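Subject: Structure for your records

Dear colleague,

Here is the structure I said I would pass on. My notes come after it.

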Amino acid sequence: MLTQKLDAPSPTYYIGKGKIGELIGLKEQTQYDTVIFDDELSPRQQRNLEEALGVKVIDRSALILHIFARKARTHEGKLQVELAQHQYLLPRLIGQWRHLERLGGGIGTRGPGEAQLETDRRLIYKRINLLQHKIESVRQHRALYRRRRKETGTPIVALVGYTNAGKSTLFNTLSKASVDVEDRLFSTLDPVTRRLALPTGQQFLITDTVGFIHKLPPSIIAAFRATLEELDEADLLLHIVDITHKNAANQCLTVEKILSELNLKNKPKITVFNKLDLALSSEAELKALTAIPYFEEEILLPNEGIVLISAAKGWGMDELLNKIAHHL
Ligand SMILES: Nc1nc2c(ncn2[C@@H]2O[C@H](COP(=O)(O)OP(=O)(O)OP(=O)(O)O)[C@@H](O)[C@H]2O)c(=O)[nH]1
Ligand SMILES: [Mg+2]
């Protein structure tokens, strides 16, 4: 991993000339065949870097899209990922055919690269249209479904949070379901919903959905609108935080930022600190910590409840259900 401090990324290479030299030097030592940039590169930067380094260059968005593509299971998930991929690809097409341009065309004729580019672009536009059309019908179907669910009056609680925070683990613990849980990013892409009952007997629906990540590519947010719209209907959000992660605070802020971009800032919300089993040795310790007077005020999240849990061990579930009952 290499880092560089610059006032602004270089428009031609993203990194500075010296860094490129360093990267080329590393190639002899490590024989790397791919370089991944933890940011979105412009098509031009990516092209120049590939030429300079002689290896495949991938940016953060392409990597996230790649993970999404591997994870998409349902028809809807696959449609959304494909749409995001095409939207990412479109502005990057130009470079792909540039080698043909060198073959040149005579005066007045267009080079083969240019013609090919236009054909490709047309095909991709066509595909994007088709995908948007299909996703729109999924959206309408979902909206209808949601309306029906709403008519039954059962409140909806949605799990949100940074990817790998433990949303699916909590979903499984609460609903005794077996949604995929993995120690990797974006295990969950498609929303799942289950019916649960509170100790008071009141029923509610709980929804597990796609996790958030810092610098989420806009094409993904756009493509996953149908999925993210599920959150609109929620009466209550549970924001799951992996409090043991070294970037927990930043991850929290990222989630808050995405929630406000999705216009969900004003939804009632409970912040749930998860994975406390990694820091404490028993549920009794966890209860003792929560019992400290003014515990919530100390953490300075006004107007929100905070619950400490271990989704994996099932610690703190009664307290969590009480808080949910209180909100509903
Ligand atoms: N020690 C510990 N590990 C946990 C806990 N909850 C979840 N994990 C682990 O954290 C990893 C991610 O859990 P998931 O439930 O898949 O996380 P998620 O938020 O659904 O992740 P995405 O679907 O990828 O957004 C898995 O390896 C879980 O076993 C917990 O309470 N304690
Ligand atoms: Mg999950």
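The notes below go from the whole chain to single residues.

Please keep in mind that this is a predicted model.

Overall. The protein is built from 14 helices and 8 strands. It has 328 residues, and 45% of them count as buried. Among contacts with a separation of 6 or more, 66% are between residues 24 or more positions apart.

Helices H3 and H4. Helix H3 covers residues 60-71 and helix H4 covers residues 75-89; they pack with their axes 10 Å apart and at an angle of about 155°. Angles over 145 degrees count as roughly antiparallel, and H3 and H4 are therefore roughly antiparallel to each other. Their crossing is left-handed. On the H3 side the contact is made by Ser-61, Ala-62, Leu-65, Phe-68 and Ala-69, and on the H4 side by Val-81, Ala-84, Gln-85 and Tyr-88.

Tyr-88 also appears in a second finding: Arg-92 lies over the face of its ring, at 3.8 Å from the ring centre.

Aromatic pair. A search of the whole structure turned up 1 aromatic pair. It consists of Tyr-14 and Phe-37; the ring centres are 5.7 Å apart and the planes stand at 90°, so the pair is edge-to-face. Tyr-14 belongs to the segment before helix H1 (17-30), whereas Phe-37 belongs to strand S1 (residues 34-37), so the pair ties together parts that are 23 residues apart in sequence. Both Tyr-14 and Phe-37 are buried.

Positive phi. Most residues other than glycine have a negative phi. Two asparagines with a positive value are worth listing here.

- Asn-164 has a phi near 75°. It sits in the loop between strand S3 (156-161) and helix H8 (167-175). Its relative accessibility is 24%, so Asn-164 counts as partly exposed.
- Asn-263 has a phi of about 60°. It is placed in the loop between helix H11 (248-261) and strand S7 (269-274). Is Asn-263 buried or exposed? With a relative accessible area of 69%, Asn-263 is exposed.

For viewing, the places to open are the H3 and H4 contact, the ring of Tyr-88 with Arg-92, the pair of Tyr-14 and Phe-37, and the loops that hold Asn-164 and Asn-263.

Regards

Conventions. Residues numbered from 1 in each chain as written. Chains lettered and ligands numbered in written order. Predicted model: local features only at pLDDT ≥ 70, side-chain atom pairs only at ≥ 80, totals over all residues. Heavy atoms only, no water. Phe/Tyr/Trp six-rings, centres within 6.5 Å; stacked < 30°, edge-to-face > 60°. Helix = DSSP H or I, 4+ residues; strand = E, 2+ residues; numbered from the N terminus. Buried < 20%, exposed > 50% of the residue type's maximum accessible area, 1.4 Å probe, protein only. Lys NZ or Arg CZ within 6 Å of the ring centre and 35° of its normal. Axes fitted to C-alpha atoms, helices over the stretch in contact; angles between N-to-C directions. Parallel < 35°, antiparallel > 145°, perpendicular 65-115°, else oblique. Left-handed = near helix turned anticlockwise from the far one by under 90°. Contact = heavy atoms within 4.5 Å.
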